[in-house]
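Here are some exercises for getting to know a protein structure, each with a worked solution. Try every task yourself before reading on.

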Amino acid sequence: MTMAGSSQDGIPMSGEAFQILNALPHPVIVVDAAGRFRFANSDAEQFFSAGSAYLARKKLQDFVPRDSPLFFLIEQAREQQARISEYRVDISSPRLGGERLVDLYVSVMTEAPELVVVMIQLRTIAEKMDRQLTHRSAARTVTGLAAMLAHEIRNPLSGIKGAAQLLATNASDEDRTLTRLIQEESDRIVKLVDRMEVFSDQRPIERSAVNIHSVLEHVKTLGRNGFARDIRIIELYDPSLPPVFANRDQLVQVFLNLLKNAAEAVKGREDGEIRLTTAYKPGVRLSVPGTKDRVTLPLEFAVEDNGEGVPDDIREHIFDPFVTTKPSGSGLGLALVAKIVGDHGGVIECESQPGHTVFRILMPAWRELSEPGAALADIDEQG
């Protein structure tokens, strides 16, 4: 189906045309009136996780639900004999391995009107960049709120707690229960303020070469001796991964939070499991906060679970402060995770559907310079 210079089922394919289609950084497919694959370039094979020979025996509906907007666009293009574009189309399905938000470009083939060409443009990277900016904005909002709360709330709370302690000395047993409640609630609010005060810490991050597998092993050990004691944890590591340019203690905090959330998501499931993965995927760059530099983010770390997933109504806001699905949660854990990752110049993304949730982090790698004692992240200055 993808042999250069070949013509399969009436589709002329010169060697030059074949090379051009394979050079496109987007999946391109051709389907007939029955929905059968008649052509797929190399990016399409990766998108559908299947080789061309396998796709040739399948139909598009084997991979995408029949009620997907994609099929409506194909029929519309065929009926109107026109080119049609649609942006931010959700073609998610279990077969495609999770959330798939894409831009679609659909057109009929002039010499074979029954054939339709579909180009799929992934929005994954663009969405990650946009969401990362949102996460940073949310973190800045919490920073200002934390500073205000620390100043405006601590002093009155201390007075309230002190007054309750004085009242308790001469109170009846019934009233003493109320004064104890006042003290406990005051302490709870102080702890919340203390947690939020972490966001107002603007000191430069002390970073160095960190072995991510050492961090994950430490976090996994903590989990297996506590909240993840009876949960299966699977490790899928790239042993050749270079060190990450980061603060080790903060990375422990990030992955401990993500592992704990994953453990809570699968708690009570007999088949519950968590996957920790690391991989090298070059090609992603992101601006470093406060500088004109761009840092490459070739290191990908992921924490996956097979729990019930994040509800649709909060998925887009999962890293915002005070957003949580836990009855007793404060909603600050993932906001802090997003702040730490953002302060490192990295990106964090959540993809979730029932039975599969993944928190994926892209981070800069450590790169040692030739000069003695000099080292930095892999940074490209903008010209």
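The exercises below concern a predicted model, and they go from charged pairs to aromatic rings and then to helix packing.

**Exercise 1. Find the salt bridge between D32 and R38, and work out whether each partner is buried or exposed.**

Solution. Start with the distance: the closest N and O atoms of D32 and R38 are 3.4 Å apart. A salt bridge needs a nitrogen and a carboxyl oxygen within 4 Å, so this pair qualifies.
Next, look at accessibility. Buried means under 20% relative accessible area. D32 has 4% and therefore counts as buried. R38 has 12%, so R38 counts as buried too.
Finally, look around the pair: D32, R36 and R38 are linked in a network of salt bridges. For context, the whole structure holds 12 salt bridges.

**Exercise 2. Where in the chain do K220 and E217 lie, and what is the distance between their closest N and O atoms?**

Solution. Begin with the contact: the closest N and O atoms of K220 and E217 are 3.0 Å apart, and the two residues form a salt bridge.
Then place them. Both belong to helix α7 (residues 212–224), and because they are three residues apart there, about one helical turn separates them.
Last, check the surroundings. K220 is buried, with a relative accessible area of 6%, whereas E217 is partly exposed at 34%.

**Exercise 3. Describe the salt bridge of D343 and K339 in the same steps.**

Solution. The side chains of D343 and K339 meet with 2.8 Å from N to O.
Both residues sit in helix α10 (residues 333–343); they are four residues apart, which means about one helical turn lies between them.
As for accessibility, D343 is partly exposed at 36%, while K339 is buried at 10%.

**Exercise 4. How many aromatic pairs are there, and how are the rings of F48 and F63 arranged?**

Solution. The count comes to six aromatic pairs. For F48 and F63, the ring centres are 5.3 Å apart and the planes make an angle of 70°. Angles over 60 degrees count as edge-to-face, so F48 and F63 form an edge-to-face pair.
Now locate the rings. F48 is in the loop between α2 (42–47) and α3 (52–55), F63 is in the loop between α3 and α4 (69–80), and the two are 15 residues apart, so the pair links distant parts of the chain. Both F48 and F63 are buried.
Widen the view: F37, F47, F48 and F63 form one aromatic cluster.

**Exercise 5. Which parts of the chain does the pair of F245 and W366 tie together?**

Solution. First the geometry: the ring centres of F245 and W366 are 5.7 Å apart and their planes meet at 45°, so the pair is tilted.
Then the positions: F245 belongs to strand β10 (residues 244–246) and W366 to strand β17 (residues 366–368), so the pair ties together parts that are 121 residues apart in sequence.
Then the accessibility: F245 is buried at 13%, but W366 is partly exposed at 22%.

**Exercise 6. At what angle do α7 and α8 pack, and what is the distance between their axes?**

Solution. Helix α8 covers residues 248–266, and its axis lies 9 Å from that of α7, at an angle of about 45°. That angle makes α7 oblique to α8. To finish, give the handedness: α7 passes α8 in a right-handed crossing.

Terms used. Residues numbered from 1 in each chain as written. Predicted model: local features only at pLDDT ≥ 70, side-chain atom pairs only at ≥ 80, totals over all residues. Heavy atoms only, no water. Buried < 20%, exposed > 50% of the residue type's maximum accessible area, 1.4 Å probe, protein only. Phe/Tyr/Trp six-rings, centres within 6.5 Å; stacked < 30°, edge-to-face > 60°. Axes fitted to C-alpha atoms, helices over the stretch in contact; angles between N-to-C directions. Parallel < 35°, antiparallel > 145°, perpendicular 65-115°, else oblique. Left-handed = near helix turned anticlockwise from the far one by under 90°.
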